[in-house]
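Open your viewer and keep the sequence panel beside it. This tour goes from one selection to the next, with a short note on what you will find at each stop.

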Amino acid sequence: MTAPGSAASASNKAPADAAAKAALAWLHSARFLTTASQLSQLPPAALPEIAFVGRSNAGKSTAINTLAQHKRLAFSSRTPGRTQHINLFEVGPRDRPDALLADLPGYGYAAVERSAKLRWQRVMADYLRERVSLAGVVLLADARLGLTELDRRLLELIAPRLAGAAVRLLVLLTKADKLNRRDGQQALREAEAALAPYADDDADVGVSLFSALSRTGLDDVARVLHGWHAGGDAADDAREADDAAAAGDSP
Ligand SMILES: Nc1nc2c(ncn2[C@@H]2O[C@H](COP(=O)(O)OP(=O)(O)OP(=O)(O)O)[C@@H](O)[C@H]2O)c(=O)[nH]1
Ligand SMILES: [Mg+2]
């Protein structure tokens, strides 16, 4: 995981540490809750919500499935524009869910009818601006394309909510398996540069390469999302778990 401006990169090679294991177990509890085609159909804003957004075909549904370690929780498809509703998944203990994941329809798919496109743009803009329980946004972009004009517009839209980390942002450069190491690093640097303006005002903004196929970035991303769900608490828990694991490992 890198914050814009830093040089480190996420790796899929490191063994899963205690915090990553806890985060993946948490995400594995994900189950379908409901679907909404307009904001009024969303459940009350009672739980922190993590929204997956990005261009159509960027890999949102696949990322949710990979993070949750379920084959078909979110519906992924070769046909762009397939997800047309906000699909919500509950995470945490069954009797005490503690977060929601929201899979949003992708934007930028040319073949979607113009009126449907405009309607959806408005729903998404309202959702991102107004949903009070929005805790974090995961913006997915194909690593080969980087952040496109539409992604940049989305960043502008959520920018006011990033200040003070009221809403956190993690950009995933997806399908990293399609790039060699050098091109992956280049994509990471370019995304970091594009995100630098949003990293002010104590914003919590990160970027990572991600691949559902090779599992690049999986542990790191799981840890970050787990950290978001309860504000600082889960992040502290994760750090404590890490420290405990490290202490246990030392002679
Ligand atoms: N090689 C590779 N292919 C991927 C990866 N993630 C997703 N894909 C493929 O990309 C295509 C689109 O993936 P989806 O997860 O359906 O994309 P989406 O962003 O949910 O698309 P919409 O619902 O249309 O907005 C599918 O054919 C996936 O198999 C990845 O990490 N590596
Ligand atoms: Mg989808």
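Before the first stop, one definition: the expected span of a helix is 1.5 Å times one less than its number of residues. Keep in mind as well that you are looking at a predicted model.

**Stop 1: helix α3**

Select residues 114-130, which make up helix α3. This helix has 17 residues, and from its first C-alpha to its last it reaches 24 Å, close to the 24 Å expected at 1.5 Å a residue. Now show the side chains of W120, M124 and Y127, the buried residues of α3. Why do these three sit on the same side of α3? Because they cover an arc of only 60° around the axis. The spacing follows a general pattern: an α-helix has 3.6 residues a turn, so residues three or four places apart point the same way.

Turn the helix over to see the face directed away from its buried side. There you meet exposed residues, among them R114, L118, R122 and E130.

While you are here, pick Q121, also in α3. Is Q121 buried or partly exposed? It is partly exposed, because 15 other C-beta atoms lie within 10 Å, and a residue needs 20 or more to count as buried. Draw a C-alpha to C-alpha distance from Q121 to G108: the two are 13 residues apart in sequence and 9.9 Å apart in space.

**Stop 2: strand β3 and its partners**

Which strand do the buried residues of α3 pack against? Select 86-91 and you have it: β3. This strand is mostly covered, with five of its six residues buried.

Next, add residues 31-36, strand β1, which pairs with β3 in the antiparallel sense over five bridges. Then add residues 99-103, strand β4, which pairs with β3, again antiparallel, over five bridges. L88 in β3 is a handy landmark: T34 stands opposite it, and so does A102 in β4.

**Stop 3: the loop after β1**

Move to S37, in the loop between β1 and β2 (49-54). S37 is partly exposed, with 13 other C-beta atoms within 10 Å. Try a C-alpha to C-alpha distance from S37 to L104: it is 10.0 Å in space, although 67 residues separate the pair in sequence.

**Stop 4: the nonpolar core**

Select F52, V171 and L173, the residues with the most contacts inside the largest nonpolar core, which has 65 residues. Strand β5 (residues 134-142) gives the largest share of this core, seven residues. Centre on V171 and look for the residues it touches beyond four places away in sequence: L139, A141, A191, L195 and V207. In general, nonpolar side chains tend to be buried together in soluble globular proteins.

**Stop 5: two positive phi angles**

Finish with backbone torsions. Most residues other than glycine have a negative phi. Which sign does phi have at Q69? It is positive, about 55°, although Q69 is not a glycine. You will find Q69 in the loop between α2 (60-68) and β3, where it counts as partly exposed with 14 C-beta neighbours inside 10 Å.

Then jump to R215, in the loop between β7 (205-209) and α6 (218-229). R215 is not a glycine either, and its phi is positive at about 65°. With 13 other C-beta atoms within 10 Å, R215 is partly exposed.

Definitions and conventions:
Residues are numbered from 1 along each chain as its sequence is written. Chains are lettered from A and ligands numbered from 1 in the order in which they are written. This is a predicted model: local features need pLDDT of at least 70, side-chain atom pairs count only at pLDDT 80 or more; totals for chains, interfaces and linings use all residues. Helices (H or I, at least four residues) and strands (E, at least two) are DSSP runs, numbered from the N terminus. A residue is buried if 20 or more other C-beta atoms lie within 10 Å of its own, exposed if 12 or fewer, and partly exposed in between; C-beta atoms are placed from the backbone. A nonpolar core is a set of buried Ala, Val, Leu, Ile, Met, Phe, Trp, Tyr and Cys residues joined through C-beta atoms within 7 Å. Two residues are in contact if their C-beta atoms, placed from the backbone, lie within 7 Å. The arc is that of the directions from the helix axis to the C-beta atoms. Two strands pair if DSSP finds at least two bridges between them.
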